[in-house]
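The following paragraphs lead through one model, from a site on its surface to its interior and to its charged pairs. Please keep the sequence and the structure in view while reading.

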Amino acid sequence: MAQQTRHAPNRLERRKARTRCALVRAAQAFIAAGKLNVPILELTQAADVGMGSFYNHFDSREQLFQAAVEDALDRYGTLLDELTVGLDDPAHVFAQSFRLTGRLHRRSPELSKVLLNNGLALATSGKGLAPRARRDIEDGVRAGRFRIRDPELAMVIVAGAALCLGQLLHDHPERDDAAASDQVTEDVLRMLGLAADEAHDICQRPLPDLNGRRP
């Protein structure tokens, strides 16, 4: 019998994982509230873990906050990957991801605020939304779907639009998040080089059901 190289987590490993998760979630709540200078003691109290447990996982508050932002980016990115499976047209993949991201600002408001309070991380990180948008733009250029001179500058516009849309939806809860997300996506597609009628058509296509699906 081949020797197994992986093993199920033991009780100690599971407890460590739960503690780290509790700290990350507590940090995300403080980031979402804009409380970036909160003492470590307050973080551990919110996570319901001991002070010593904190230093078993993180060297500093800044390291924890970085992990919290990366976790938020990963969760958003993983969900978008699941919701764009099976799409072949890079313009459709990009549009669906952007439209869903707009809707997720309302469906996962705390996680959304973590990202919005770390806008540069959203725009430049190697995790989460930015690398996926960059990939879709580059795929669209190679496939002849997008006509842009500089993909990196296009990403600046896309990231700015995504961040401003999210903030707008938080600031104006009376706005229809679906309609606003689709309109901004349509305008971004036109900026990337799609004809107006095709951009409109792509943004009218049905989306996967988000009920019960949260990052």
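Tyr55 counts as partly exposed, because its relative accessibility is 45%, a value that lies between the bounds of under 20% for buried and over 50% for exposed. Since this is a predicted model, that value, like the others discussed here, is computed from predicted coordinates. Tyr55 belongs to helix 3, which covers residues 51-55, and together with Leu41 and Met51 it forms a nonpolar patch on the surface, the three residues having about 290 Å² of accessible area together.

Tyr55 also takes part in an arrangement of rings, for it forms one aromatic cluster with Phe54 and Phe58. How many aromatic pairs does the structure hold by the rule for ring centres? The count comes to four aromatic pairs. One of them is formed by Phe54 and Phe58, whose rings are 6.0 Å apart from centre to centre and whose planes make an angle of 50°, so that the pair is classed as tilted. Are Phe54 and Phe58 buried or exposed? Phe54 is buried, with a relative accessible area of 0%, and Phe58 is buried as well, at 2%, whereas Tyr55 in the same cluster is partly exposed.

Another aromatic pair is formed by Phe94 and Phe98, which is likewise tilted, with 6.0 Å between the centres and 35° between the planes. These two residues are separated by about one helical turn, because they are four residues apart in helix 5. Phe94 counts as buried because its relative accessible area is 2%, and Phe98 counts as buried because its relative accessibility is 7%.

From the rings the path leads on to the interior. In soluble globular proteins, nonpolar side chains tend to be buried together. In this model the largest nonpolar core has 32 residues, of which Leu23, Leu43, Phe58, Leu64 and Phe65 touch the most other members. At least two residues of this core come from each of helix 1, helix 2 (40-47), helix 4, helix 5 (90-107) and helix 6 (109-116), and the largest share, eleven residues, is supplied by helix 4. The surroundings of Leu64 give a view of the packing: when its neighbours within four places in sequence are left aside, Leu64 is in contact with Leu23, Val24, Ala27, Leu43, Phe54 and Phe58. Apart from this core lies another, of 24 residues, which includes Ala95, Phe98, Ala161 and Leu194.

Phe98 is also one of the contacts of Leu165, which touches Phe98, Gly102, Ala180, Ser181 and Val184 when residues up to four places away in sequence are not counted. Leu165 has its place in helix 9 (residues 151-171) and counts as buried because its relative accessibility is 5%. With Ser181, one of those contacts, the separation along the sequence is 16 residues, while the distance from C-alpha to C-alpha is 7.3 Å.

The remaining topic is charge. Side chains of opposite charge can pair when their charged atoms come close. A search of the whole structure finds 13 salt bridges, and one of them joins Asp71 to Arg25, with 2.9 Å between the closest N and O atoms. This pair links distant parts of the chain, as Asp71 lies in helix 4 (residues 61-83) and Arg25 in helix 1 (residues 11-32), 46 residues apart. Both partners are partly exposed, since the relative accessibility is 22% for Asp71 and 32% for Arg25.

A salt bridge is also formed by the side chains of Arg132 and Asp81, at 2.8 Å from N to O. Because Arg132 lies in helix 8 (residues 129-142) and Asp81 in helix 4, this pair ties together parts that are 51 residues apart in sequence. Which of these two partners counts as buried, and which as partly exposed? Arg132 counts as buried because its relative accessibility is 19%, a value under the 20% bound, whereas Asp81, at 30%, counts as partly exposed.

In a further salt bridge, the side chains of Arg205 and Asp201 meet at 3.3 Å from N to O. Arg205 counts as partly exposed at 29% relative accessibility, and Asp201 counts as partly exposed at 41%. Salt bridges that share partners, finally, join Arg25, Asp71 and Arg75 into one network.

Technical notes. Residues numbered from 1 in each chain as written. Predicted model: local features only at pLDDT ≥ 70, side-chain atom pairs only at ≥ 80, totals over all residues. Heavy atoms only, no water. Patch = residues over 30% accessible without salt bridge, like charges linked within 9 Å, V, L, I, M, F, W, Y side chains within 5 Å. Areas by Shrake-Rupley, 256 points an atom, 1.4 Å probe, with all protein chains shown as cover. Salt bridge = Lys/Arg side-chain N within 4 Å of Asp/Glu carboxyl O. Buried < 20%, exposed > 50% of the residue type's maximum accessible area, 1.4 Å probe, protein only. Core = buried A, V, L, I, M, F, W, Y, C linked by side-chain atoms within 4.5 Å. Contact = heavy atoms within 4.5 Å. Phe/Tyr/Trp six-rings, centres within 6.5 Å; stacked < 30°, edge-to-face > 60°.
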